[in-house]
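Open the model in your viewer and keep the selection panel at hand. This tour goes from stop to stop.

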Amino acid sequence: LPHYLDLMHDWVASHVLRATLCALAGAPPSLPKRRGRNAKHKGQVGGGGAADADKGAGPLTVGAAVSDKRREAFVAILEDFAGMGVRDAQALVVDRHACAVLCVLVRLAAGLEGHNGGGGFGAAQNLVEHLLEWDRSKDAKGEAAEGNHVLVFLGMSGEVEGSHFLQVVLECAGADDFAAIYSACMAGKLAEFAQHKISNYVVQSALRTAAARGTANLAAEMIGELLPYAAAMLERYAGVALELCNLARAHAVQEEALVEALAPAARGDAEGPAAVLDAMLQHEAPEAGAKPRPGSERSLRFRNVMKVQTLGVLLGGFNAGPVEGIIRALLTEPEREELVRKLAFTAVSAKAIVEPLLLRKVDGAFVQERLVAIYEPIFVDMATHPCARHVLEKLFYASSKEQQESIAAALATVLNRISGNRPGRLTVDALKLQLFDKDRSAWRGQVRRHRQKLEGGAAPRGAGSRKRKERDDEGDHAGDLDGIFAGADGAGPKKKKKKDKKDKKDKKKKRQQEADDD
C-alpha cells in the first residue's frame with residue numbers, strides 16, 4: 001500500500017497505476033491521445049479510454065479473458081484502500097491525481113459486478129462506505145440518525161475532486177445503492193446542492209442515475225424538492241434544469257408542473273409562449289469586424305446552450321398543454337420562419353430541437369406539415385449543408401408519401417448541383433434520389449425499406465429471398481454516384497482519382513529520369 005500511495009500522488013505514475021489496475025480487472029488500458037496545435041489527432045474531442053479516467057462516467061467495461069489470480073489481486077488492492085484510516089483515505093479524494101485512481105477503482109469494481117450479472121459497487125462497497133463514513137447496515141435498520149456521513153458528503157461535493165468522485169459513486173451505483181445513498185445523504189438537501197457552483201454537478205449525476213435506474217416514486221420526490229427552484233436554476237445552473245426535465249420525461253411524472261415552473265424563468269416580465277421561445281433561444285450577433293466562417297450566415301450563436309437543450313427536451317418529449325402552445329408559436333408565426341430555418345443549420349439546435357420535434361407522437365403530423373412548408377424554399381441548401389442534411393433526411397422519412405415525393409421531386413431537378421460536395425452526395429444516397437426519375441416504383445420500395453430499417457421494424461415479406469436480395473443489390477449499385485456522374489471518358493470520381501495519382505507518379509518518374517540523364 002505505501003508504494004501505491006507514492007504512485008497515486010505523482011502526475012506521471014498515476015497514469016501507469018490506472019493502466020495497471022485496468023489490466024488487472026480486464027479493461028483495455030488505452031492511453032489518452034494528444035490534442036492541441038502539435039497533436040497527431042487535432043480534431044479529436046474527448047479523452048482516451050479507461051486509463052484516461054473520464055471521471056464523470058459510469059462503470060467501465062471489463063473483459064472475460066482475465067485470470068482469477070489477477071482479479072483477486074485487484075480485489076485485494078480495494079481491500080487495502082478500504083482498510084486505511086478514514087482521514088488518510090479522505091485526503092486521497094481531494095488530491096487531483098489520487099482521486100482519478102480512486103475513480104477508476106470504483107468504476108472497475110462496478111464493471112466487474114455488472115459483468116458477473118449483478119449491479120452496484122461490488123468489491124468497492126466497503127471502500128465507498130469507508131470514505132463517506134457511512135454504515136449502511138445501521139442506516140437500513142433505522143438506527144443511524146443524521147450523522148457524520150451527511151457532513152462528509154456535503155464537504156466532498158463542494159470540492160472539485162470530491163465532486164468528481166461523488167459523480168462516479170452515484171453513476172456506478174445500482175438501484176438499491178442509489179436509493180440508499182440518496183435517502184442517507186441527499187434527501188431534503190437537493191436544493192442546497194443544486195445551487196452551488198460545484199456541487200450542482202453531483203445533483204446532475206443523481207438526476208441522471210434516477211432517470212436510468214430509479215423508481216417513479218423516487219423521481220417524483222426529487223422533482224418535487226427541486227420544483228420551487230427550477231426557474232432560478234434555469235438561469236444560473238441550466239444543467240440541473242436539463243437533467244430535471246430528462247428525469248420527468250423518463251418516468252412521465254410532474255411534466256405539466258415542471259413546464260409551468262420553468263416558464264416564468266423564460267418569460268421574464270412578458271407573458272405567453274412566444275416569450276418563452278425568445279428567452280430560451282437567445283442568440284448573439286457576429287462580432288463587428290470578425291471574419292465570417294463559411295456557412296455562418298445561416299447559423300446561430302446561442303448565449304446558453306443548456307437552455308436550448310432544455311427547450312428541446314420540453315418540445316420533444318413533453319405532452320403538457322403549455323408545450324403545445326410553445327410549438328404552435330414557433331411553427332405558425334410568420335416572423336419566426338427564418339429562425340426555424342436557422343435552427344436546422346446550427347448543430348446544437350438541430351440536434352436538440354428540430355430532430356426531437358419530428359419524433360413527437362401527439363401532434364407529429366402538424367409538426368411535419370409545418371416544417372415541410374417552412375423548409376421547402378431551402379431544400380437544396382439543406383441537402384448540401386453538413387448539419388442541415390441530417391434534419392432534411394429525418395424530415396423526409398417522417399413525412400407522408402405525398403410529402404416525400406414532393407421533396408424528392410424538388411431535389412431531383414438539381415441532382416448534379418447537389419452532388420457537388422460530400423454532404424450532397426450523402427443526401428442523394430440517403431434519399432435514393434438516383435432512382436427517382438429512372439424507376440419510381442423501385443424508388444418507393446427502397447425508401448420504404450430504408451424507413452423500416454430506421455424505425456427498427458421487421459423486414460418486408462420475402463426480403464430474405466434470393467431474387468429480392470439480388471434486386472436490392474442492383475438497386476444499391478444503382479445508387480453509386482460514380483457511374484451516374486461519370487466524366488467524358490467514362491471514369492467516375494474514384495477511377496479518375498486513381499488515374500490522376502498514376503499520372504502524377506509517371507510525371508515524377510520522368511522528371512527523375514531526366515535529372516539523372518543531365
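The stops below cover a set of helix contacts and then a cavity.

This is a predicted model, in which local features need pLDDT of at least 70, side-chain atom pairs count only at pLDDT 80 or more, and totals for chains, interfaces and linings use all residues. Residues are numbered from 1 along each chain as its sequence is written, and side-chain values use heavy atoms, with hydrogens and water left out.

**Stop 1: α24 and α22**

Select residues 388-398, helix α24, and residues 364-375, helix α22. Helices (H or I, at least four residues) are DSSP runs numbered from the N terminus. Their axes come within 10 Å and cross at roughly 135°. Axes are lines fitted to C-alpha atoms, for helices over the stretch in contact, and angles run from 0 to 180 degrees between N-to-C directions. The two helices are therefore oblique to each other; angles under 35 degrees count as roughly parallel, over 145 as roughly antiparallel, 65 to 115 as roughly perpendicular and the rest as oblique.

Now show side chains. Gln368, Leu371, Val372 and Tyr375 of α22 touch Val391, Leu395 and Ala398 of α24 (contact means heavy atoms within 4.5 Å). By class, this contact of α22 with α24 has 6 nonpolar, 1 polar and no charged residues. Ala, Val, Leu, Ile, Met, Phe, Trp, Tyr, Cys and Pro count as nonpolar, Asp, Glu, Lys and Arg as charged, and the others, Gly among them, as polar.

**Stop 2: α24 and α25**

Keep α24 and add α25, residues 401-412. The axes come within 8 Å and cross at roughly 140°. This pair is therefore oblique. Pick Leu392, Phe396 and Tyr397 in α24; they meet Gln404, Ile407, Ala408 and Leu411 in α25. The contact of α24 with α25 has 6 nonpolar, 1 polar and no charged residues.

**Stop 3: α24 and α28**

Next, add α28, residues 440-455. Here the angle is about 105°, with the axes of α24 and α28 10 Å apart. These helices are therefore roughly perpendicular to each other. Glu393, Phe396, Tyr397 and Ala398 of α24 make the contact with Trp443, Val447, His450, Arg451 and Leu454 of α28. It divides into 6 nonpolar, 1 polar and 2 charged residues.

**Stop 4: the cavity**

Which residues line the largest cavity? Select Val259, Leu262, Ala263, Val276, Met280, Leu314 and Ile326. On a 1 Å grid over the protein atoms alone, a cavity is a set of points where a 1.4 Å probe fits but cannot get out, and lining residues have an atom within 4 Å of a point. The largest share of the lining, 3 residues, comes from α16. All told, the lining has 7 nonpolar, no polar and no charged residues.

Note on methods: 1 Å grid on protein atoms, 1.4 Å probe; cavity = no way out; pocket = protein on both sides within 12 Å on 5 of 7 lines; lining within 4 Å.
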